[in-house]
Amino acid sequence: QVIAYDFDLERLGETNFPATLRIGRQSYPEAPDANVVANVNEEQLRATEGFTDVQRLQVAIGQQPATRLTSTLQLNAPDGQPQTLALEQYLLVRNTEVYVVTLTTTTAQQADY
């Protein structure tokens with residue numbers, strides 16, 4: 001798994017929340033069904049407290065079919081103020097590998113990323 005943070009002061013804004021990008025890869029003995037992978041991730045988002053507005057869309061990244069999950073997360077910033085984060089997740093299944101690319105940022109910064 002690779003995790004990257006954007007600490008650029010101009011993009012941190014008032015919230016001081018750094019955008020994060022995670023890229024994960026999981027290997028399986030047999031090729032998993034892409035729809036099952038997407039179902040599991042979607043169900044986990046819906047079951048996790050604070051995540052709302054979960055949406056799912058079939059997309060392509062290059063020639064590779066993928067699933068895009070988006071949602072928002074309500075939480076309190078360190079100063080106690082409510083904050084809304086945007087999550088975008090891309091799920092790709094290629095042979096026996098599952099790749100998960102996740103961007104988390106404030107809703108105000110989402111379009112910039």
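**From Asn 41 into the core**

Leaving aside residues up to four places away in sequence, Asn 41 makes contact with Leu 69, Gln 89, Leu 91 and Val 100. Keep in mind as you click around that this is a predicted model. Asn 41 itself sits in helix α2. Is this residue buried or exposed? Its relative accessibility is 15%, and the cut-off for buried is under 20%, so Asn 41 counts as buried.

Now hop over to one of those contacts, Leu 91. With residues up to four places away in sequence again left out, Leu 91 touches Val 37, Ala 38, Asn 41, Ala 66, Thr 67, Leu 69, Tyr 99 and Val 100. Some of these names come back when we turn to the core. Which residues make up the largest nonpolar core? It has 9 of them: Ala 38, Leu 45, Phe 51, Val 54, Leu 69, Leu 73, Leu 85, Leu 87 and Leu 91. Two or more residues come from each of α2 (34–47), β3 (51–61), β4 (64–76) and β5 (82–94). The biggest share is from β5, which supplies 3 residues. As a bit of background, nonpolar side chains in soluble globular proteins tend to be buried together.

So much for the side chains; next, the strands. Following the chain, β3 and β4 pair up antiparallel, with 9 bridges between them. If you'd like one pair to look at, Gln 58 has Thr 67 in β4 as its bridge partner. Thr 67 is also on the contact list of Leu 91. The two strands β3 and β4 make a hairpin with 2 residues between them, and in the turn Gly 62 has a positive phi of about 65°.

The next pairing is antiparallel too: β4 and β5 are joined by 10 bridges. Here you can pick out Asn 76, which stands opposite Pro 82 in β5. What separates the strands in this hairpin, and which residue there takes a positive phi? There are 5 residues between β4 and β5, and Gly 80 is the one with a positive phi, near 90°.

Finally, let's step out to the surface. Val 2, Leu 21 and Ile 23 form a nonpolar patch there, and together they have about 230 Å² of accessible area. Take Leu 21, which lies in strand β2 (residues 19–27). Its relative accessible area is 34%, so Leu 21 is classed as partly exposed. Compare that with Asn 41, where we started: the polar-named stop on our tour is buried at 15%, whereas Leu 21, at 34%, is partly exposed.

Conventions
Residues are numbered from 1 along each chain as its sequence is written. This is a predicted model: local features need pLDDT of at least 70, side-chain atom pairs count only at pLDDT 80 or more; totals for chains, interfaces and linings use all residues. Side-chain values use heavy atoms; hydrogens and water are left out. Patches are made of residues with over 30% relative accessible area and no salt bridge: like charges are joined within 9 Å, nonpolar side chains (Val, Leu, Ile, Met, Phe, Trp, Tyr) within 5 Å. Accessible areas come from the Shrake-Rupley method with a 1.4 Å probe; for residues, only the protein chains shown count as cover. A salt bridge is a side-chain nitrogen of Lys or Arg within 4 Å of a carboxyl oxygen of Asp or Glu. Helices (H or I, at least four residues) and strands (E, at least two) are DSSP runs, numbered from the N terminus. Buried means under 20% relative accessible area, exposed over 50%, partly exposed in between (1.4 Å probe, protein chains only). A nonpolar core is a set of buried Ala, Val, Leu, Ile, Met, Phe, Trp, Tyr and Cys residues joined through side-chain atoms within 4.5 Å. Contact means heavy atoms within 4.5 Å. Two strands pair if DSSP finds at least two bridges between them.
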